[in-house]
Each structure stands twice: as C-alpha cells, then as structure tokens.
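Got your viewer open and a selection box ready? Load the model and follow along, one stop at a time.

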Amino acid sequence: MIDLSVHVDGLRLANPFIIASGPPSTNANVIARAFDEGWGGVVCKTIVLDSTKIVNVSPRYARWRVGDEVVGWENIELISDRPIEVWEEEFRALKTRYPGRVLIASVMEEYRRAAWHEVVERMQRAGADAIELNMSCPHGLPERRMGSAMGQSPEVLREVCGWVREVARVPVCAKMTPNVTSMVDVAVAAVEGGCHGISAINTVLSVMGIDLDTLRPVPTVEGMTTPGGYSGRAVKPIALRMAMEIARAVGGRASLSAIGGVESGGDAAEFVLLGASTVQVCTGVMVHGYGLVRELERGLRAFMDRHGFRTIEDFRGRSLKYFTSHAELVARKHGGKSGQDAAWSAERLVEQVEDEAT
Ligand SMILES: Cc1cc2nc3c(=O)[nH]c(=O)nc-3n(C[C@H](O)[C@H](O)[C@H](O)COP(=O)(O)O)c2cc1C
C-alpha cells in the first residue's frame with residue numbers, strides 16, 4: 001500500500017502537491033476548484049495590505065514553445081490586486097468548506113515591522129494554516145524595495161523573518177528568489193530569522209525574446225517591456241540545483257517546499273529525492289489545468305511502486321549523497337590518483353590544447 005500523505009511543520013497534507021502562488025490561486029473560486037480536484041494544499045496569490053498600489057499591465061505573459069509544447073513562460077504580473085478584506089472573507093469561507101485542506105497565505109509587505117505584523121496577524125486570524133513570505137517576486141515590486149529586493153539581502157531577510165516570527169502562531173516559510181549569487185546565504189538567513197521552512201524557487205529574471213518583425217522585446221506593452229519572471233519546464237534544472245543546495249545547507253533545520261517546472265510525478269519524485277517534503281506547481285497548472293494533480297499522483301505512485309517505497313519519507317533526500325566536488329569526480333574517474341593531481345593534469349591538458357591551437 002502506497003501512502004502519499006505528508007506531515008510537515010505540524011501540518012498534514014493528503015498528498016505532497018500544492019498549487020503555488022499565482023494565477024491558479026487567484027481567488028476563492030479557483031482555490032475551491034483545486035481542492036475539489038484533489039490538490040493537497042494551495043498557496044494563495046500574494047496578498048498585500050494596500051492593494052490599490054498594485055496596477056497590472058497587459059499583455060503580461062510570453063511563452064516559449066517548442067513545437068506545440070510550452071517549455072518556458074515569462075510573466076510581468078504583479079501580486080494580487082484584490083483587497084485584503086476580500087481575501088480574509090474568502091479564507092474564512094474556504095476553511096469552513098474545506099477544514100481538512102491546507103490553505104497557505106502568501107504575503108508581501110514593505111520594509112516596515114508594523115506592516116508585516118499586521119498582514120500576518122490578519123491572515124492567520126482569517127484561518128491560514130501557514131504563512132509564505134514572498135521575498136522573491138523579481139519584477140515591479142523590487143522597484144519599491146519589496147519582493148526579491150528583500151530576498152536578495154541576507155540581513156534584511158533575517159530581520160523581516162524575525163519580525164514575522166514575533167507574531168506568527170502558524171508555520172512560516174520564506175519563498176526564495178533564484179536571482180542571487182548564493183542561495184545558501186539567503187536560505188540560512190531565513191532559517192536564522194526563525195522560518196520553519198523554505199519555498200524555492202520563484203521565477204528566474206528573464207527576457208523572453210525579441211520580435212524579429214517589430215524589433216520589440218516581448219511581452220510588448222505600448223512598444224516597450226521590462227524583464228520578467230521565467231517559469232515552467234525550462235527552469236526545472238535550475239530549481240533542482242537550488243533545492244539540492246538548500247537541503248544540504250539547512251535540511252535538518254527547515255522543511256523544503258520545492259517549486260519550478262513540475263509537470264509530472266517523476267519531476268516531483270526528483271525534488272523529493274533532493275530533500276523536498278512538498279512540491280508546488282504554478283505554470284504546469286496554467287498549461288495543463290487543475291486535473292494535472294491526478295497525473296502527478298499516478299506518476300509518483302508508479303515511481304514509488306517501482307522502487308518499493310511506501311511513504312514519501314522512504315525516499316526523501318536519498319539522492320543528496322550523490323553530489324560531490326568536481327575534484328572528487330576526477331579522482332574517482334582516474335582511480336588511484338588523488339583528485340588534485342588529476343585536476344592538475346586535466347588543467348595541463350587544456351593548456352597543451354590551447355598552446356597547440358595558437
Ligand atoms: C503568471 C505568474 C504569476 C505568479 N505570481 C506569483 C505571486 O503572486 N506570488 C508568488 O510568490 N509567486 C508567483 N509566481 C511564481 C510561482 O509561484 C512559481 O514560484 C514559479 O512560477 C515557478 O514554478 P512553476 O515553474 O511551477 O511555475 C507566479 C508565476 C507566474 C507564472
């Protein structure tokens with residue numbers, strides 16, 4: 001018997017699949033749809049205290065297609081432009097209708113302690129099972145020193161996570177931006193600030209392309225664009241690398257909710273093998289619909305069945321031990337030679353080839 005349920009940070013999910021913050025979690029109607037289809041949890045579209053400052057543009061999406069398939073997606077969409085009062089009502093209604101489902105409030109604020117206190121207190125009073133701190137939106141908000149502008153500074157991150165923990169009575173996780181030099185530094189800072197978990201990754205800052213007829217970059221708004229956030233299948237290798245780094249750095253101290261390009265049960269299994277307890281999906285749902293959760297469950301069960309795993313914990317983090325330094329790969333490849341000797345001989349080989357070429 002295979003059991004897909006997950007216990008993490010005091011919460012129980014029927015399966016490890018969570019709708020990530022974004023269009024598939026933009027209001028109560030679609031969140032209810034996700035629960036009806038069988039998703040283990042939902043992170044709502046990011047909420048801010050003053051939504052009047054959130055002004056979206058259109059078009060705000062650009063897709064990269066290979067044949068008929070969407071492999072990458074860029075967006076310049078901002079966080080939720082719906083008032084927090086509406087969200088509070090919707091959280092209450094959703095928790096009444098789906099008491100056993102995990103509903104996570106994604107929140108973002110300016111660098112002000114009182115604002116973070118208020119947004120967290122209001123959403124937990126409205127019934128949020130956990131709080132996800134959006135420290136990672138890469139476009140629009142950083143101009144106001146929010147989102148990834150905060151998530152790129154370990155000092156600010158540590159301080160803001162600490163403010164949140166002063167009032168939080170539910171588990172708190174920080175959602176990280178991949179647009180950093182060292183994921184380890186920011187993940188460690190969030191955990192030092194008191195976060196119970198890390199969610200990663202948000203979108204990768206990108207320029208989707210240039211229209212060769214008009215010479216304008218896309219998505220084009222009144223003839224112009226601004227760099228946006230890249231997601232979907234194309235970002236999975238980057239997300240896997242960052243999941244591995246986070247798990248190795250803070251694995252014993254914080255949970256990991258992995259995000260980035262998940263579209264199959266096999267994708268989810270890969271993230272769990274690198275230490276994730278849950279897996280979030282945004283673009284996959286926009287491309288394939290909410291019914292994707294059944295395919296995710298089927299694929300994950302098939303993988304577990306093949307290996308004789310009965311629970312998620314049976315294989316969580318199993319592949320982390322297969323990462324090492326390049327020098328050790330060289331040493332292993334070249335038998336008795338020490339890694340450093342072999343690396344040096346590889347370097348000499350490169351020099352020789354370069355000499356011969358000049
Ligand atoms: C159109 C769009 C809007 C998004 N809005 C939010 C948001 O409001 N808050 C947030 O934390 N992440 C947001 N995200 C990021 C996703 O939650 C997710 O981290 C990212 O897209 C990578 O996962 P994926 O490849 O499954 O989409 C958004 C992503 C997309 C594509």
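Here is a short walk through one helix, a few strands and the surroundings of the ligand. Keep in mind that this is a predicted model.

**Stop 1: helix H1**

Select residues 28–37, which make up helix H1. Which residues of H1 are buried? Colour Ile31, Ala34 and Phe35, since those are the ones. Now look down the axis of H1: the buried residues fall within an arc of 95°, so they line one face of the helix. That fits the usual geometry, because an α-helix has 3.6 residues a turn and residues three or four places apart point the same way. Swing round to the other side of H1 and pick Asn29 and Asp36, both exposed.

Next, show what covers the buried residues of H1: strand S3 (17–19), strand S4 (41–43) and helix H2 (84–97) are included in that cover. Before leaving, click on glycine 38, which follows H1 and has a positive phi, near 110°.

**Stop 2: the S5–S6 hairpin**

Move on to strand S5 (residues 61–66) and strand S6 (residues 69–75), an antiparallel pair joined over six bridges. Zoom in on valine 66 and you will find glutamate 69 of S6 opposite. Two residues sit between the strands of this hairpin, and in it glycine 67 takes a positive phi near 65°.

**Stop 3: the other partner, S14**

Keep S6 selected and add strand S14 (residues 228–231): S6 and S14 also run antiparallel, with three bridges between them. Here, asparagine 75 stands opposite glycine 229 in S14.

**Stop 4: glycine 209**

Jump to strand S12 (residues 209–210), where glycine 209 lies. Is glycine 209 buried or partly exposed? Glycine 209 is partly exposed, because 13 other C-beta atoms lie within 10 Å, while a buried residue needs 20 or more. Draw a distance from its C-alpha atom to that of arginine 63: the viewer should read 9.5 Å, although the two residues are 146 apart along the chain.

**Stop 5: around the ligand**

Finish at the ligand, which has 27 residues around it. Which of them come nearest? Select Ala20, Gly22, Ser231, Cys282 and Thr283 to see them. S6 turns up again here: S6 and helix H9 (283–288) each supply at least two residues of the shell. Colour the shell by class and you get ten nonpolar, 14 polar and three charged residues.

Note on methods. Residues are numbered from 1 along each chain as its sequence is written. This is a predicted model: local features need pLDDT of at least 70, side-chain atom pairs count only at pLDDT 80 or more; totals for chains, interfaces and linings use all residues. Two strands pair if DSSP finds at least two bridges between them. Helices (H or I, at least four residues) and strands (E, at least two) are DSSP runs, numbered from the N terminus. A residue is buried if 20 or more other C-beta atoms lie within 10 Å of its own, exposed if 12 or fewer, and partly exposed in between; C-beta atoms are placed from the backbone. A residue is near a molecule or strand if its C-beta atom, placed from the backbone, lies within 6 Å of it. Ala, Val, Leu, Ile, Met, Phe, Trp, Tyr, Cys and Pro count as nonpolar, Asp, Glu, Lys and Arg as charged, and the others, Gly among them, as polar. The arc is that of the directions from the helix axis to the C-beta atoms. Two residues are in contact if their C-beta atoms, placed from the backbone, lie within 7 Å.
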